[in-house]
Every structure is written in structure tokens, then in C-alpha cells.
Amino acid sequence: MEQTERQLVSLLSEITPLYDVPMREAKARQDALAKPPGSLGLLEDLSVQLAGITGQVKNEVSHTRIYVLAADNGVVCEGVSSAPQSVTRAQAINLTRGLTGASCLAKHFGDELVVADMGIALPYACPEILNRSLGKGTANIAAGPAMARQTAVQGILTGMELAAQAKRDGIQILGVGEMGIGNTTTSSAVASVLLHQNVERMTGRGAGLSDEGLQRKIRAIERGIAVNQPNADDPLDVLSKLGGLDIAGLCGVFLGGALYRVPIIMDGFISGVAALCAVRLCENTKKAVF
């Protein structure tokens, strides 16, 4: 086992379950409020889960941040996307300039938005993008592994450090997102293997593929699984052979949120696949995922 993987295993061993006593106190507080018990539905469950993460019965979420991780995917050469690879670079820049739906909503609600380059393929000049690049995108999964195992591990560690930085900055809750043409293909591939589902069931049209494009996407994923023979019982093997640098980084953010007790909003397919990888690496991680 390489040193970076040993470091990851050591960090994962430090992720503990939810705090039990604050959860009981938060539940008792909800039951004592002037309302019918359980009348706030899932909101009550969320407040109890928050208490279990932070150790505090009453929690504020006024200091918030969204991490958007950007990376390119070599599988785009298989014709699996309706948009060119250059869109990854363009939209990463646009996110920093308030020119996307996500950045407009973040500004409206007072959320910080941080774009991190995990592996944008094309050069750019945008100092607002946080440089965490591990290379100029990944290789084509239909022809071989997306990346080396150690690269995937380093991507996860990079994401964990982003979560640690959020904790140091006093962030009370994190949102996550991604920007990477071709990443619904890599996500479908990873999910198919980890969930033991057939590729066709786990694959959608992404940003709007035609019927022909969808079939190309399915065939590319099926070739990727056949060529790489990922071990479904080893999330790192699956991630390195079929995933992307953005997914690896997001996986690390979820793991870091669990380790440093920062709750994280999981929203969307790619974010969900990253969270799945994180929970498969460490079951206790799901405590931090909303």
C-alpha cells in the first residue's frame, strides 16, 4: 500500500458515528416545543441529525459555502456528450463571475461559492479558480483506466482538505457541485458497478443526448467495465478505473465533512455517486450527508 493510501486509511479510521446524547436532547427539545409532536416532519429529523454531527442541540447554518469541483473526462472522445470539452473551462470561469444559475442563486442567498480545478484539460487565465489540479483530465475509460489508483487517492485527500479548510473558516454547512463534460458517463459507470446494476438502467441522457448518443454512451460504459474489470468490493479500484477527478474530489469532501463534522448537502446524480463512494469507503460518512 502506497503512503498516500495509508494516510487515507488512517484518516478514515478517525471518522466516528453521530453523537448520541446531543441527538436525544435535540429530539426531546422538538417534542417539548409548542406544536404537535412530529408536525414538522423531516425538518425535525434534520435538526436531530445536525445535533448528532455538531454536538450542539441548537444549530445555525448562516455561514455557508458551495464547492464546485471542475475536471475533464477523456471518455468524451467516444461521443458521449452533447457539449464540447471546452464547456468545462468556460463554465468554471463563468461560475466565478456570477454568470451561471448556481452562482446567481448562491449570491442571492448569501452562500460563498468556490470553484476548484481538479483537472481542467484546457488552459485558462482565471485567478478566482482554486488550483487543485491533478492533471489535464482523465483518460478514456472505454480504452483503459481513467487514472492511476494513487491519483484517485490524492483526489480524495484533496477533497478532504477542502472540507478541513471549510471547518477552519467557520463554515456551518457545505453544498457541493461539479463541472465536467462527460461526468454523467463516469458517474453512471461507477454507480453501475458499485450498485450491481446493468448499465442501461443507470445511464441517462445527461445534458440532452439524442437516442443515438445515449446508445453510444451506454456502449462506452459497457466497454469501460469490460476492459477495466473493476472490483466492486474495492471503491478505490472502481473510482480509479471508471471515475473522474471531480468525483474523487467530491468523495473526499463528503469524507472530510464526516471527519471534521461539517454537514454536507448531497444534490444531484454525480454528487450522489461521490457520496456513495465515500460511504462505501467508510460507513460512518453517511452521518454528514443530507
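Two strands are taken to pair if DSSP finds at least two bridges between them, and strands (E, at least two residues) and helices (H or I, at least four) are DSSP runs numbered from the N terminus. The model is a predicted one, in which local features need pLDDT of at least 70 and side-chain atom pairs count only at pLDDT 80 or more, while totals for chains, interfaces and linings use all residues. Residues are numbered from 1 along each chain as its sequence is written, and side-chain values use heavy atoms, with hydrogens and water left out.

On those terms, strand S1 (residues 64-71) runs parallel to S2 (residues 112-119), with seven bridges between them. Tyr67 has Val114 of S2 as its bridge partner, and Ala71 sits opposite Gly119, also in S2. S1 pairs with strand S4 (residues 173-179) as well, again in the parallel sense and over seven bridges; here Val68 faces Gly177 of S4. S2, for its part, is joined to strand S3 (residues 130-131) by two bridges, and these strands run parallel. Asp117 stands opposite Asn131 in S3.

Both S1 and S2 are mostly covered, going by relative accessible area: buried means under 20%, exposed over 50%, and partly exposed in between (1.4 Å probe, protein chains only). Seven of the eight residues in S1 are buried, and for S2 the count is six of eight.

Past S3, the loop that leads to helix H6 (149-168) holds Thr138. Thr138 counts as buried because its relative accessibility is 11%. What does Thr138 touch, leaving aside neighbours within four places in sequence? With contact meaning heavy atoms within 4.5 Å, the list runs to Asp72, Asn73, Gly74, Ala146, Met147, Gly243, Gly244 and Leu245.

On the surface, Leu40, Leu43 and Leu46 make up a nonpolar patch of about 270 Å². Patches take residues with over 30% relative accessible area and no salt bridge, joining like charges within 9 Å and nonpolar side chains (Val, Leu, Ile, Met, Phe, Trp, Tyr) within 5 Å. A salt bridge is a side-chain nitrogen of Lys or Arg within 4 Å of a carboxyl oxygen of Asp or Glu. The areas come from the Shrake-Rupley method with a 1.4 Å probe, and for residues only the protein chains shown count as cover. Of this patch, Leu43 lies in helix H3 (residues 42-54) and counts as exposed because its relative accessibility is 57%.
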